[in-house]
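Ready for some practice in reading a protein structure? Take a look at the sequence and the model below, then try the exercises.

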There are 2 protein chains.
Amino acid sequence: MTTKAAEPFARDALEQILKRRFFYAPSFEIYGGVAGLHDYGPPGCAFQANIIDTWRKYFVLEEDMLEVDCTMLTPYEVFKTSGHVDKFADWMCRDLKTGEIFRADHLVEEVLEARLKGDKAARGQTAASEGDDKKKRKSKVKEIQNIRLADEVVEEYEAVLNKIDGYSGEGLGELITKYNIVNPSNGNPLESPVQFNLMFETAIGPSGQLKGYLRPETAQGQFLNFSKLLECNNERMPFASASIGKSFRNEISPRAGLLRGREFLMAEIEHFVDPEDKSHPRFAEVKDTVLSFLPQDVQEAGSNELQQVTVGEAVASGMVDNETLGYFIARIYVFLVKIGVDPSRLRFRQHISNEMAHYASDCWDAELQTSYGWIECVGCADRSAYDLSVHAARTKEKLVVRKPLPEPVTVEKFEVDLDKKKFGPKFRKDAGAIQKHLLESTQCELEDLAAQLAANGKIDVDVAGAGKFTVEADLIKIERVKRVEHVREFTPNVIEPSFGIGRIIYSIFEHSFWSRPEDKDRCVLSLPPLVAPTKVLVVPLSNHADLVPLVGKISAALRKEQIPFKVDDSSASIGKRYARNDELGTPFGITIDFETVKDGTVTLRERDSTKQMRGDLAAIVKAVKKITYSGVSWAEGTRELAPFESSEA
Amino acid sequence: MTTKAAEPFARDALEQILKRRFFYAPSFEIYGGVAGLHDYGPPGCAFQANIIDTWRKYFVLEEDMLEVDCTMLTPYEVFKTSGHVDKFADWMCRDLKTGEIFRADHLVEEVLEARLKGDKAARGQTAASEGDDKKKRKSKVKEIQNIRLADEVVEEYEAVLNKIDGYSGEGLGELITKYNIVNPSNGNPLESPVQFNLMFETAIGPSGQLKGYLRPETAQGQFLNFSKLLECNNERMPFASASIGKSFRNEISPRAGLLRGREFLMAEIEHFVDPEDKSHPRFAEVKDTVLSFLPQDVQEAGSNELQQVTVGEAVASGMVDNETLGYFIARIYVFLVKIGVDPSRLRFRQHISNEMAHYASDCWDAELQTSYGWIECVGCADRSAYDLSVHAARTKEKLVVRKPLPEPVTVEKFEVDLDKKKFGPKFRKDAGAIQKHLLESTQCELEDLAAQLAANGKIDVDVAGAGKFTVEADLIKIERVKRVEHVREFTPNVIEPSFGIGRIIYSIFEHSFWSRPEDKDRCVLSLPPLVAPTKVLVVPLSNHADLVPLVGKISAALRKEQIPFKVDDSSASIGKRYARNDELGTPFGITIDFETVKDGTVTLRERDSTKQMRGDLAAIVKAVKKITYSGVSWAEGTRELAPFESSEA
């Protein structure tokens, strides 16, 4: 299919087909729709279900993961602890006169990009072509004025755009003032950026007092069930949990269809691993996979040149931090290609330090190239021990692994010994808080306190919420003691591959879409048979009564093998019926003609090549099943059938 | 499995196993949990996924339904139109002193039931046994006082309880006053019942001005896409859409685990049918299925005696309104039995007139008997043309089917002819509204207006939002005209089978649970192989090094056939490992022993009978596959294997 990428991508043609065939459409369209919400129609829904089914087999079953299904409704406290209440936000600014709302980083980006384009035009250079930019979307800036900028301004703008994902609200506010950015549609001034939390809020229960959110990721449910999952796994490490379900983000300005919606399907894996041993038992199986990497340092040097190396080399050189991360990167690659991603339009980009989510310590994104630019479709983040630690601290539940040591070890550590009887009379209502504060001190803090106590015969403590107190030596002892430990207790680190299914689906549509060179209007979606919504279109040559029972017979044979199929017995020409079918991405057609009445043979047509083969019904069904579910090629799968020549009139 | 229902159901034992094996658990348990929210752990999640997969094959693929995936977030306007904003509510009443909230109907029910029990005890009769009551739950009434009631009071209470689902808020308020119902835990008075809408509310978008809800059912998304779906189906009728997804109801007092949660999985079918022809093409295939029916009239006569008749007879006698409803009732039955429901604990109960949802014109529930009583698990409602009509009226989009008439027909109807030029000068700003009002009048209204116009030479119209106006005869003509029509246009009726997956799952747990007669503590979940979370447990006899490579070989063979399995190579005895396995509902065990090293044969164990067969690996895998996915019996599936005797020590 060398035709696919030969010319500028015909996004309009694709969108028309996706709409006409109801792959997806705006939700509530008869009510005018709601930005960021889409419904999948029958072919889109089946495609999505097949991708999920493949994901479940490829990850959950193949790797023996523990799949869970947790609720979307989540109480406030959980997201307060995880940091989402305070940090899961974008910056928005408002046109003070009209109330129009902009997402601040997008607005700055669009305005500066428009000015750079205008500058290029003024300099007589052509503007950059579609595919080159990092992101392409419906810009708020409608008109581009051809104004030449000073060379140093161009450089400044470019520097800003390179790190636009990393600005704080204050930083964005400064850019808006400095570059005199206003509402592009009316020139009105904008208020300073304010934080807008992206979680949908609701109230749980009839009292209205329990505040809740719709989850913005499926991960937290997996973390909260960590101890139960570890038990399910017979206390063995490492192991992974997985979850498939909807998440919600109240985007300030949703756009580009499935690429940035407010409700979207995710498939997430949380792989729990010993922080001291991030090797992976199956790493050897993937280490020779060659991938395109775009590491942090290359980007920070202002380049986007891809590094083609094996996963083994990437881990050995330290570019990818550890085997587990490398293992998942390779597995993500194989999965994406299996479901229809074009490997030449897939890269792994490392996050630069200022764009990392608040919980991530490292992150590689699988990005897919589309007409909107490179789109993050799978994140593969090392969340370290962040989530388990904060939930454990908040709930006082231990979320740890206890691993027997091969040999007992002697450790020295500081221990606190309180004379609890004296605390009450001395500190009264604050006694509990002070004791708790002291008992929960870290080893470093205890070392300091021990020194203070030795030097002064008392210590000063500052207890959050209670105040400052002095504790005399008769109430407390802090000593370094030796203990023999038989068990190592640790909080696991988490490697998280997180798949945005809607974004992957849209990218595959672009990667699979082309039109036949002999007729531009005949478009094809070359979805792989494994995930195509329908596998077979059954086409009787005409409505002749002799053919009707054969349709029933073929339908029964396909149904028995659980091969999804459709019958098109409309009066349209065979060619027209196959053309519809090509738009739906159906890989096979079975034609019933008058020969079938005589000898039971039918024709099998392959969508991309339009090649046809002839054989008896059983052989044809067998070929379809093998190619679809066992992944053999058309040539291999149809070896026992006879070639057949006919024109698609 | 005659042991299953032999004695009172051991709900505690089941609940312990479901918890210990993490079938499901309260969400956010380490935060104290939130009532009505549950997470599925690995076995529960796999069981649910298998049920959904079976549902999709059995309904969507088998019946060629159009599956869609619509958003849960829904704007206010949609549910305002569908009637949910005004009517999807329960009645709650509050303890005025403590603020405690009760669901009014449940409270009345529980208090009267407790008084009746106390009466029985006072009369020296034993209280009714667990299974007899319609509903069993954790009652708010903790203490039952043995007080004898007057005979007529007993009768009155029983009459109230029989129709408790049908009271309005006012009615419930009267009962609370009349029977002096107070907060059972402290005797405080209660405020009058107020309506509490069960939808979770949120705001969509950054302005906070677009009010939205989480859908309480998946149906509306299907209705709103009706025209697109009809087009997908090549404009042919009848057809069905289907949807699988989460819905949300903010229950006042959630209870009984999965039976009444606030977030739950539904699978819904909307079958669109010509209101003048509700026959079903495949009805003949199901008509001889004998089912247990509990029709409206029997209940209204105060009985709950089941009628055992065929679906064919039920439709012929008019007890079930039409073939399509009958067809789905029979299909629901077969599906439920296939996934593990005990057919002797399944009945179809017709709603009595006062309990019908606001949109339903008839409804049959598939109810499953559990230790909580008979639980509605699948509703099968005739929603008539209600939803399509109200959305069409609100949006002015036609949601209709146009069906070519076999022969053109001549119809007489009233038509309005307005002299639009004169309206503007005469009515000025109201001209548009008056014209619209007149043009949208129904045939009945036009008949009245035509009579007025003929009698008085003018008509009086009352335009909502604009006022009253008089229109003179020179501005309007209303005449009865004859038209030849070639097409019949109609709004389809909708038959809706709606599955509550969580309730079905819990009921199947109860229906499959039993303990071995020889040892009460050895419990078994006899889940059908098709839907069991894991199909095979692989058990090496010991950790001997000779057995390890065989575990790998068997795992590879099972993985190749995509048969979900687990390995248990712990040091527990074989018997203990199988006992765990029985609790997880795993139907097959494959034991690897030292014979395996010599001749490659393994033992296959069946969970319910603990029977064992011996054969080579390939034959054993083939048997597992056949029994699990082709539905053949154990005897049939293992015919080629040799019986094997051994004790489960």
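Two exercises with worked solutions follow, and both use a predicted model.

**Exercise 1.** Find which residues of helix α16 in chain A are buried, and explain why they lie on the same side of α16(A).

*Solution.*
Step 1. Go to residues 431-439 of chain A, which form helix α16. Using the cut-off of under 20% relative accessible area for buried, you should pick out Ala431(A), Ile434(A), Gln435(A) and Leu438(A).
Step 2. Look down the axis: these residues share one side of α16(A) because they cover an arc of only 100° around it.
Step 3. Now ask what lies over them. The cover includes the helices α15 (420-427) and α17 (443-456) of chain A. It also includes the strands β17 (401-418), β18 (458-463), β19 (467-472) and β20 (476-490) of chain A.

**Exercise 2.** Describe the interface of chain B and chain A: how many residues take part, and how many salt bridges are there?

*Solution.*
Step 1. Start with the residues: chain B brings 78 to the contact, and chain A brings 78.
Step 2. Turn to the area. Together the two chains bury about 6500 Å², with 62% of it on carbon and sulfur atoms.
Step 3. Count the charged pairs, and you get eight salt bridges across the interface. A salt bridge joins the side chains of Lys246(B) and Asp69(A), at 3.4 Å from N to O.
Step 4. Add the polar contacts: 28 residue pairs across the interface.
Step 5. Finish with the chain B side. Helix α2 (residues 42-61) of chain B gives the most to it, with seven residues. By type, this side of chain B has 36 nonpolar, 17 polar and 25 charged residues.

How values were computed:
Residues are numbered from 1 along each chain as its sequence is written. Chains are lettered from A and ligands numbered from 1 in the order in which they are written. This is a predicted model: local features need pLDDT of at least 70, side-chain atom pairs count only at pLDDT 80 or more; totals for chains, interfaces and linings use all residues. Side-chain values use heavy atoms; hydrogens and water are left out. Buried means under 20% relative accessible area, exposed over 50%, partly exposed in between (1.4 Å probe, protein chains only). Helices (H or I, at least four residues) and strands (E, at least two) are DSSP runs, numbered from the N terminus. The arc is that of the directions from the helix axis to the C-beta atoms. Contact means heavy atoms within 4.5 Å. Buried area is the accessible area (1.4 Å probe) that two parts lose on being put together, summed over both. A salt bridge is a side-chain nitrogen of Lys or Arg within 4 Å of a carboxyl oxygen of Asp or Glu. A polar contact is a pair of N or O atoms within 3.5 Å; within protein, one must be able to donate a hydrogen and the other to accept it, and residues adjacent in sequence count only if both atoms are side-chain atoms. Ala, Val, Leu, Ile, Met, Phe, Trp, Tyr, Cys and Pro count as nonpolar, Asp, Glu, Lys and Arg as charged, and the others, Gly among them, as polar.
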